Amino acid sequence: MRLKNILIVVKDIEKSKRFYHDLFGLDVVLDNDGNMILTEGLVLQDEKIWKKFLGRDIIPQSNSSELYFEERDIETFIEKLDQYYPEIRYVNRLMTHSWGQKVVRFYDPDGNLIEVGTPM
């Protein structure tokens with residue numbers, strides 16, 4: 001068995017598609033009316049569909065999971081993030097851990113937690 005995809009719930013699938021393309025270069029592999037598979041295995045699912053399947057409310061900014069990306073030139077990434085999405089909600093701005101890795105954490109437009117760090 002192997003992990004195939006990671007699915008996140010979004011309110012506006014087109015807005016989320018732009019967000020993940022603009023910042024991370026992810027492209028659409030399959031668009032299936034409310035379910036969109038992007039490169040690297042990220043799946044966007046429309047909140048209405050997820051609520052129907054689950055029968056429960058969505059809890060944005062639940063901080064129970066995060067998407068992790070690595071970027072060698074993290075300072076340039078931060079500049080791009082601030083330029084494209086100046087309203088972004090940061091958890092922590094660029095910081096350096098005691099082991100030397102630089103990281104930034106923020107929420108996507110739907111409250112999904114994202115961490116971008118330099119390779120270890």
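Q: Where does N63 lie?
A: N63 is in the loop between α2 and β5. One thing to keep in mind: this is a predicted model.

Q: What is phi like for N63?
A: Phi of N63 is near 60°. That is a positive value in a residue other than glycine.

Q: And why does N63 count as partly exposed?
A: Its relative accessibility is 47%. Partly exposed covers the range between 20% and 50%, so N63 falls in that class.

Q: What about D33, where is that found?
A: D33 sits in the loop between β2 and β3. D33 also has a positive phi, about 50°, although it is not a glycine.

Q: Is D33 buried or exposed?
A: Exposed. D33 has 72% relative accessibility. The cut-off for exposed is over 50%, so D33 passes it.

Q: Switching to the sheet. How many strands form it, and in what order?
A: Four strands form an open sheet. The order is β1-β4-β3-β2, and the pairing is mixed.

Q: Which ones are the edge strands?
A: β1 (6–10) and β2 (28–31). Each of them pairs on one side only.

Q: How are neighbouring strands turned against each other?
A: By 20° on average, with direction ignored.

Q: What packs on the sheet?
A: Helix α1, residues 13–24, is one of the elements that do. Helix α1 touches β1, β2, β3 (35–38) and β4. Its direction makes about 160° with that of β4.
A second element is helix α2, residues 47–54. Helix α2 touches β1, β3 and β4, and its direction makes about 80° with that of β4.

Q: Back to the pairing. How many bridges join β1 to β4?
A: Five. β1 and β4 (residues 42–46) run parallel.

Q: Which residues in β4 are the bridge partners of I6 and L7?
A: I6 has L42 as its partner. L7 has V43.

Q: And β3 with β4, parallel or antiparallel?
A: Antiparallel, with three bridges joining β3 to β4. In one of these links, the bridge partner of I37 in β4 is V43.

Q: What do β3 and β4 form together?
A: A hairpin, with three residues between the strands. In the turn, E40 has a positive phi of about 75°.

Q: How many residues of β4 are buried?
A: Five of its five, so β4 counts as mostly covered.

Q: Which way do they point?
A: L42, L44 and D46 point one way from β4. V43 and Q45 point the other way.

Q: Now β3. What does M36 touch?
A: M36 lies in strand β3. Leaving out residues up to four places away in sequence, M36 touches I13, E14, K17, V28, L30, D31, L42, V43 and L44.

Q: Why does M36 count as buried?
A: Because its relative accessibility is 1%. The cut-off for buried is under 20%.

Q: How far apart are M36 and L7?
A: They are 29 residues apart in sequence. In space they are 9.4 Å apart, C-alpha to C-alpha.

Q: And L38?
A: L38 lies in strand β3. At 1% relative accessibility, L38 counts as buried. Its contacts, not counting neighbours within four places in sequence, are Y20, L26, D27, V28, V29 and L44.

Q: How far apart are L38 and K102?
A: In sequence, 64 residues. In space, 26 Å from C-alpha to C-alpha.

Q: Where does T118 lie?
A: In the segment after β8 (113–117). T118 counts as buried because its relative accessibility is 12%. Beyond four places in sequence, T118 touches Y68, E70, E71, R72, I74, Q101 and K102.

Q: Last topic, the largest pocket. How much space lies in it?
A: About 470 Å³.

Q: What lines the largest pocket?
A: There are 24 lining residues. V9, I59, S62, S65 and N112 lie nearest the centre. By class, the lining has twelve nonpolar, seven polar and five charged residues.

Q: Which elements give two or more residues to that lining?
A: β1, α2 and β5 (66–70). The largest share, five residues, comes from β1.

Conventions
Residues numbered from 1 in each chain as written. Predicted model: local features only at pLDDT ≥ 70, side-chain atom pairs only at ≥ 80, totals over all residues. Heavy atoms only, no water. Pairing = 2+ DSSP bridges. Axes fitted to C-alpha atoms, helices over the stretch in contact; angles between N-to-C directions. Contact = heavy atoms within 4.5 Å. 1 Å grid on protein atoms, 1.4 Å probe; cavity = no way out; pocket = protein on both sides within 12 Å on 5 of 7 lines; lining within 4 Å. Points joined across faces, edges and corners; volume = space filled by probe spheres on them. Nonpolar A, V, L, I, M, F, W, Y, C, P; charged D, E, K, R; others polar. Buried < 20%, exposed > 50% of the residue type's maximum accessible area, 1.4 Å probe, protein only.
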